[in-house]
Amino acid sequence: MIAAALKALAGWRGYAAAALAGALVAGPAAWTVQGWRHDAKISGMERDKAQVDARASRQALADIQANIETVAAAGRRAAAVGPTLTAQINKLTGALRDAPPLPDGCRPDPVRMRSLESSVDAANRAAAGQPAGAAVPADP
C-alpha cells in the first residue's frame with residue numbers, strides 16, 4: 001500500500017500533491033498573517049482617534065475652567081461693589097422718598113431730576129461692572 005502510494009506520487013503527480021499540500025498550509029497561514037496586519041492597522045487608527053479625542057477633551061476642559069474663573073472673578077467684583085451700590089441706592093431712594101410730592105401736571109424739580117439721573121447712572125455703572133464712584137449727588 002505504501003509502495004503504491006509512493007509510485008502514485010512519483011513524477012508530476014508528486015509535485016502536484018506537494019503543491020496542493022503547500023497551498024493548504026500556506027493559505028490559512030497567509031490569511032492569519034494578513035488578519036494580524038489589518039488588526040494592527042485598525043488598532044493604530046483607533047489609537048490615533050483616541051489621542052485626538054483626548055486632546056480635544058483636554059482643550060474643552062481648559063476652556064471650561066477658564067470660563068469658570070472668569071465668572072468667579074466677575075462674581076467677586078460684583079460682591080465687592082454690592083454693599084457700596086446698595087448704600088448709594090438706599091440713599092437715593094431716601095432722597096426721592098423725602099422729596100415733596102409733585103402736584104398734578106407739574107414737572108420734577110432739578111433736585112429730583114438729579115437724583116433720578118444719579119440713580120440711573122449708578123445702575124448703569126453697576127451693570128457695566130464699573131465701581132459705583134460718586135454716583136450720589138451732594139446734599140442740597
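In which helix do Lys 49 and Asp 53 both lie, and how many residues apart are they? Both belong to helix 2, which covers residues 12-98, and they sit 4 residues apart, or about one turn of the helix. Keep that pair in mind while we walk through the rest of this predicted model.

Let's start with the overall layout. The chain is built from 3 helices and has 0 strands, so its pattern along the sequence reads α-α-α. Helix 2, home of our opening pair, is one of these helices.

Next, consider how much of the protein is covered. The chain has 140 residues, and 9% of them count as buried. Its exposed area comes to about 11,100 Å², with 66% of that supplied by carbon and sulfur atoms. As for contacts between residues at least 6 apart in sequence, 44% of them link residues at least 24 apart.

Now back to the charged side chains. A search of the whole structure turns up 2 salt bridges. One of them joins Lys 49 and Asp 53, with 2.9 Å from N to O. Is Asp 53 buried or exposed? The answer falls between the two: its relative accessible area is 36%, so Asp 53 is partly exposed, given that buried means under 20% and exposed means over 50%.

The other salt bridge pairs Asp 48 with Arg 47, and here the closest N and O atoms are 3.2 Å apart. Asp 48 also counts as partly exposed, because its relative accessibility is 38%.

How values were computed. Residues numbered from 1 in each chain as written. Predicted model: local features only at pLDDT ≥ 70, side-chain atom pairs only at ≥ 80, totals over all residues. Heavy atoms only, no water. Helix = DSSP H or I, 4+ residues; strand = E, 2+ residues; numbered from the N terminus. Buried < 20%, exposed > 50% of the residue type's maximum accessible area, 1.4 Å probe, protein only. Contact = heavy atoms within 4.5 Å. Areas by Shrake-Rupley, 256 points an atom, 1.4 Å probe, with all protein chains shown as cover. Salt bridge = Lys/Arg side-chain N within 4 Å of Asp/Glu carboxyl O.
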